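Student: I've got a protein model open and I'd like to get a feel for how it fits together. Can we go through it bit by bit?

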Amino acid sequence: MNPFLHKTHLDYMQDYLERKESSTLPSWLKYLVFAEEVHQNFEHIDSLQELSENRVIQYVYRSLVILEKKREAFLTDEMYWQLAIVLSYSEAAKGGTAEQRKNWLEKGYNLMAHNEGSAHIFWEDYLGYDKPLLFTLIKTHGLIGQYLRGETRLSASSELVETMRSYYDNKTAKDLLYMLNECIIAAVSDELWLNVKNDVNSTIEKLFQQDFSEDFENRIHRLTASFSETLSEKKMIMAAQYDKVRLFLQNIDLWYVEPSMHDLSFADFWAILCLAADEITSPQIAHLNFETLMKQLHYDYKGQKHSNVYRKRVIEKFLHEYSSNQPLDTTHVTFKVENYESINTAFLSFEFSDVGEALIQFCVEAEKTGGMIHNQATVLLFDLFGLRRDAYDRFNNEGDYLTHMNSSVDDKKVILDFIKGDTILDVGPGGGVLLDLLESETSGKQILGIDISENVIETLEAKKQNENHSWSVIKGNALSLVDSFAPNSIDTIIYSSIIHELYSYIPFEGKYFNQQTIKTALESAFEVLKPGGRMIIRDGIMSDDKKAKRIIRFKTDDGLPFLIQYAKDFKGRKISYEIQSDHEVMMPLNDSMEFLYTYTWGTESYAHEVNEQFGYFTPTEYRAFIQDIFGETAEIIKLEHYLQEGYTTHLNEKIDFEYEDGLPAPLPDSTCLLVIEKGGVK
């Protein structure tokens with residue numbers, strides 16, 4: 001018998017939305033209305049501020065509207081009421097008052113796997129007809145869509161077919177299930193439904209054939225469809241601990257994977273699965289929940305939902321150490337698994353020390369005000385967690401930085417004049433501007449890039465796929481190129497603004513800013529370079545006139561405090577300055593330029609630029625250094641230096657630059673171009 005003769009579920013919803021009067025509402029609607037803690041999937045929101053709205057009630061309303069539109073054309077009255085009840089209760093476990101949720105948890109309802117929790121809430125409430133069928137439909141609602149995403153196993157819906165067949169013939173049961181999934185998925189978005197409806201139909205057919213077979217690799221690929229890596233690249237990563245993870249996941253469904261993982265790499269995701277497989281041994285665990293991690297990795301930045309890059313960098317480092325079989329530093333961060341066998345669920349997240357958590361939160365808050373306090377906060381974060389501080393390990397201005405670096409393409413064109421041979425290697429390709437330039441300005445060349453940063457490689461792989469480039473990038477060590485390339489195999493090796501980063505960030509025998517690091521890098525390049533091949537270095541330079549001094553007159557009040565803080569934080573060498581007034585200092589020429597390299601970028605890049613020494617040799621010193629390493633086995637065929645145009649443009653609004661007598665002075669040369677040719681057959 002129809003449980004609501006005069007009023008549909010949609011009527012109740014519309015009445016409430018119009019009047020906001022809650023005294024006469026049915027139980028299912030009260031759960032949604034009085035929700036005190038709404039569990040949201042961050043995948044479909046632009047700002048966390050949206051969570052203050054009751055998006056769950058809006059979602060249920062949309063699903064009921066879709067059902068109403070289909071009522072006359074496709075549904076019998078009985079099917080209509082069945083689906084109305086299922087949709088109305090489908091999100092119940094996401095609602096309820098704090099007291100109700102506590103009561104449900106005490107009864108063992110799994111509110112985290114909301115389909116299961118909602119089914120038990122329905123069973124407790126509902127005294128109408130078709131209770132077993134409706135319970136099963138609620139319990140399995142959404143699982144087909146989650147199966148298509150790789151989150152659940154198809155076998156998780158096995159009981160659904162048996163239950164539906166006890167009520168309907170196969171065709172009617174399939175039609176009912178198809179309609180339910182249309183309401184569920186189209187309520188998220190019409191576009192999503194159009195994209196998956198054929199897959200939904202084929203999955204329903206497979207279910208009714210009771211074919212629950214599933215290819216593990218295909219499931220993982222669907223689960224990580226938004227990741228930039230190709231299937232073949234994923235398979236290479238999956239080779240590590242493959243059988244362990246496959247066996248671990250064969251009886252487990254996953255929740256909130258996409259919104260928690262989309263800013264991490266596939267290698268990071270695989271490492272998390274490996275860690276989970278290590279930690280979770282109970283056969284009772286059937287759900288792996290990433291909701292806590294999802295919340296850890298997001299916050300609002302400038303009014304938009306944003307990845308918590310501070311926490312993300314720390315987690316990435318931890319996972320890289322795990323994947324590389326390095327000793328795990330668990331002083332300030334550990335992988336955390338919370339097992340709740342009573343609800344068959346394990347929650348995955350990362351736990352931070354009190355000081356680590358406080359520092360991450362401090363970075364988030366300091367970001368709102370910007371300036372030097374944010375700079376100092378991020379410097380402390382890098383020091384506490386031992387993060388890599390290279391130029392591409394940036395935070396919220398990373399995209400702006402890479403865009404700015406790519407804008408220097410005209411300056412890099414000079415490199416093209418010295419290219420030799422058909423195999424070209426760009427060491428530390430950054431945003432890919434040089435790779436693009438080489439591809440567009442040459443033909444018949446094999447263009448390669450190598451970088452140790454996962455972030456750079458991910459960005460470049462996405463760029464390659466989106467823009468259909470032919471160049472390739474690999475992960476490798478710039479200090480040991482022979483690990484990635486055969487001896488005498490490369491015609492031209494290019495170091496464009498990367499030598500100073502190796503010098504600044506990679507310790508040699510425990511010492512940073514060590515010229516032996518540069519020596520090791522160049523010797524490594526020489527080993528894989530063909531006879532007659534070339535190394536091209538475009539990088540920072542100091543002035544040969546080391547005794548010269550210059551006056552910097554700041555045009556803004558923050559200039560002198562910026563310099564004082566910079567001189568305190570910079571570790572490359574001692575930065576000297578003499579304060580002449582509140583806006584004026586006298587400095588050695590090379591110290592002034594080293595400071596201005598960082599001052600050019602401003603406060604958002606401070607935490608990174610302050611750790612880089614851009615000028616490490618004068619032209620005379622560079623020539624002597626190369627000759628000392630290679631002697632007669634190599635020839636310097638070009639050594640020139642010049643001022644990169646952008647510095648003058650960017651600094652004009654910030655400073656006046658003068659000789660000691662107060663007359664205007666040009667900025668010194670910032671950049672050198674050095675071309676070294678390996679001896680042998682030419």
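**Strands, helices and charged pairs**

Tutor: Let's start with a pairing: strand 11 (residues 529-540) and strand 17 pair in the antiparallel sense, over seven bridges. Keep in mind that this is a predicted model.

Student: Which residue of strand 17 does Ile537 stand opposite?

Tutor: Strand 11 covers residues 529-540 and pairs with strand 17 in the antiparallel sense. Follow that pairing from Ile537 across to strand 17, and the residue standing opposite is Leu674.

Student: And how many bridges join strand 15 to strand 17?

Tutor: Strand 15 takes in residues 634-642, and its pairing with strand 17 is antiparallel. One pair to look for is Lys638 with its bridge partner in strand 17, Val675. The number of bridges between strand 15 and strand 17 is eight.

Student: How many residues of strand 17 are buried?

Tutor: Look at both ways the side chains go. Thr671, Leu673, Val675 and Glu677 point one way, Cys672, Leu674, Ile676 and Lys678 point the other way, and all are buried. For strand 17 (residues 671-678), then, the count of buried residues is eight of eight.

Student: Now the open sheet of four strands: in what order do they come?

Tutor: The edges are a handy place to start. Strand 1 and strand 5 (333-340) each have a single partner strand, so one side of each is left without a neighbour in the sheet. Neighbouring strands here are turned by 25° against each other on average, ignoring direction. The pairing is mixed, and the order is 1-2-6-5.

Student: What is the bridge partner of Trp255 in strand 2?

Tutor: Strand 1 and strand 2 (residues 287-289) run parallel, with three bridges joining them. Look across to strand 2 from Trp255, and its bridge partner there is Asn289.

Student: Let's try a helix. Why do we say the buried residues of helix 12 line one face?

Tutor: Helix 12 (residues 216-223) has these buried residues: Phe216, Arg219, Ile220, Arg222 and Leu223. Seen down the helix axis, they line one face because they fall within an arc of 160°.

Student: What covers those buried residues, for example which strand?

Tutor: Several elements share the job, among them helix 8 (143-148), helix 13 (231-238) and helix 14 (242-249). Helix 15 (257-261) and helix 16 (266-279) are also included. The strand in that cover is strand 1 (253-255).

Student: At the start of helix 12, which residue's backbone nitrogen does a side-chain oxygen of Asp215 reach?

Tutor: Begin at Asp215 and follow its side chain to the oxygen. That oxygen comes to within 3.3 Å of a backbone nitrogen, and the nitrogen belongs to Glu217.

Student: What about charges? How far apart are the closest N and O atoms of Glu214 and Arg222?

Tutor: Side chains of opposite charge can pair when their charged atoms come close. Glu214 is partly exposed at 30% relative accessibility, while Arg222 is among the buried residues of helix 12. They form a salt bridge, and the distance between the closest N and O atoms is 3.0 Å.

Student: How many residues apart in sequence are the parts tied together by Asp591 and Arg573?

Tutor: These two form a salt bridge, with the closest N and O atoms 3.2 Å apart. Asp591 lies in helix 28 (residues 589-601) and Arg573 in the loop between helix 27 (559-569) and strand 13 (578-581), so the pair ties together parts that are 18 residues apart.

Student: Is Asp591 buried or exposed?

Tutor: Buried means under 20% relative accessible area. The value for Asp591 is 8%, so Asp591 is buried.

Student: Which residues are joined with Arg71 into one salt-bridge network?

Tutor: Arg71 forms a salt bridge with Glu68, the closest N and O atoms being 3.8 Å apart. Both lie in helix 3 (residues 55-74), three residues apart, about one turn of the helix. Salt bridges with shared partners join Arg71 into one network with Glu68 and Asp77.

Student: Last one: how much of the chain is buried?

Tutor: The chain has 31 helices and 17 strands. Of its 682 residues, the buried share is 55%.

Key. Residues numbered from 1 in each chain as written. Predicted model: local features only at pLDDT ≥ 70, side-chain atom pairs only at ≥ 80, totals over all residues. Heavy atoms only, no water. Buried < 20%, exposed > 50% of the residue type's maximum accessible area, 1.4 Å probe, protein only. Helix = DSSP H or I, 4+ residues; strand = E, 2+ residues; numbered from the N terminus. Arc of directions from axis to C-beta. Contact = heavy atoms within 4.5 Å. Polar contact = N/O pair within 3.5 Å; in protein donor to acceptor, adjacent residues only side chain to side chain. Salt bridge = Lys/Arg side-chain N within 4 Å of Asp/Glu carboxyl O. Pairing = 2+ DSSP bridges. Axes fitted to C-alpha atoms, helices over the stretch in contact; angles between N-to-C directions.
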